[in-house]
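Reader: Hey, I've got this structure open and I'm a bit lost. Can you walk me through it, starting with the pockets?
Author: Sure, here it is.

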Amino acid sequence: MVSIHCSRGELGAIELGRPAGGQDIVRFRGIDVFGLPAAEVVVLLRGLATIIEAEDDPASFIAPDLLLSFWRSFEADDEPDEEQGHYFSSVLLARPGYYDTPAEAAARRRAAGHQEP
């Protein structure tokens, strides 16, 4: 699955779903984000950048400096047979500003010379 997220006529993010069958591999800086257990992906990413639990979903994580977020439907770190919780189900690659608060987004638009609506 590949999904795009647009806002105001601009691409905001691209989301990739976990490939079925294991034939396709999605890597970020050598880390197999769907083939390794989610807990291991988080440990490896913490060696590269800050990664935090999503506020509204503690089974998922955001690496704001990398503009990445990792989602799974629930947490099941100790159950490899429970794929939807043991592995990440999707990864989202965002453009700068995607995680901005409304105030940060307005400041970013002003800095870029855009008029407020």
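Author: The largest pocket holds about 520 Å³ of space. A pocket here is an open set of points on a 1 Å grid over the protein atoms alone, where a 1.4 Å probe fits, with protein on both sides within 12 Å along at least five of seven lines, and lining residues have an atom within 4 Å of a point. Grid points are joined across faces, edges and corners, and the volume is the space filled by probe spheres set on them.

Reader: Which residues are closest to the centre of the largest pocket?
Author: Ser7, Arg8, Glu10, Arg95 and Arg109, out of 16 that line the largest pocket. The elements giving two or more residues to that lining are E1, E2 and helix H3 (102-111). Helices (H or I, at least four residues) and strands (E, at least two) are DSSP runs, numbered from the N terminus.

Reader: Is this an experimental model or a predicted one?
Author: This is a predicted model, where local features need pLDDT of at least 70 and side-chain atom pairs count only at pLDDT 80 or more, while totals for chains, interfaces and linings use all residues. Residues are numbered from 1 along each chain as its sequence is written, and side-chain values use heavy atoms, with hydrogens and water left out.

Reader: OK, back to E1 and E2. How many bridges join them?
Author: Six, and the two strands, E1 (residues 2-7) and E2 (residues 10-17), run antiparallel. Strands count as paired if DSSP finds at least two bridges between them. One of the partnerships links Cys6 to Leu11 in E2. The two strands make a hairpin with two residues between them, and Arg8 in the turn has a positive phi of about 55°.

Reader: Is E1 tucked away or in the open?
Author: Strand E1 lies largely in the open, because zero of its six residues are buried. Buried means under 20% relative accessible area, exposed over 50%, and partly exposed in between (1.4 Å probe, protein chains only).

Reader: New topic: where is Ser89?
Author: Ser89 sits in the loop between helix H2 (83-86) and strand E8 (90-94). Its relative accessibility is 19%, so Ser89 counts as buried. Leaving aside neighbours within four places in sequence, its contacts (heavy atoms within 4.5 Å) include Leu16, Phe34 and Trp71.

Reader: And what's the volume of the second largest pocket?
Author: About 300 Å³. Of the 18 residues lining the second largest pocket, the closest to its centre are Ala54, Asp56, Ser60, Ile62 and Ser69. E6 gives the most to that lining, with four residues.
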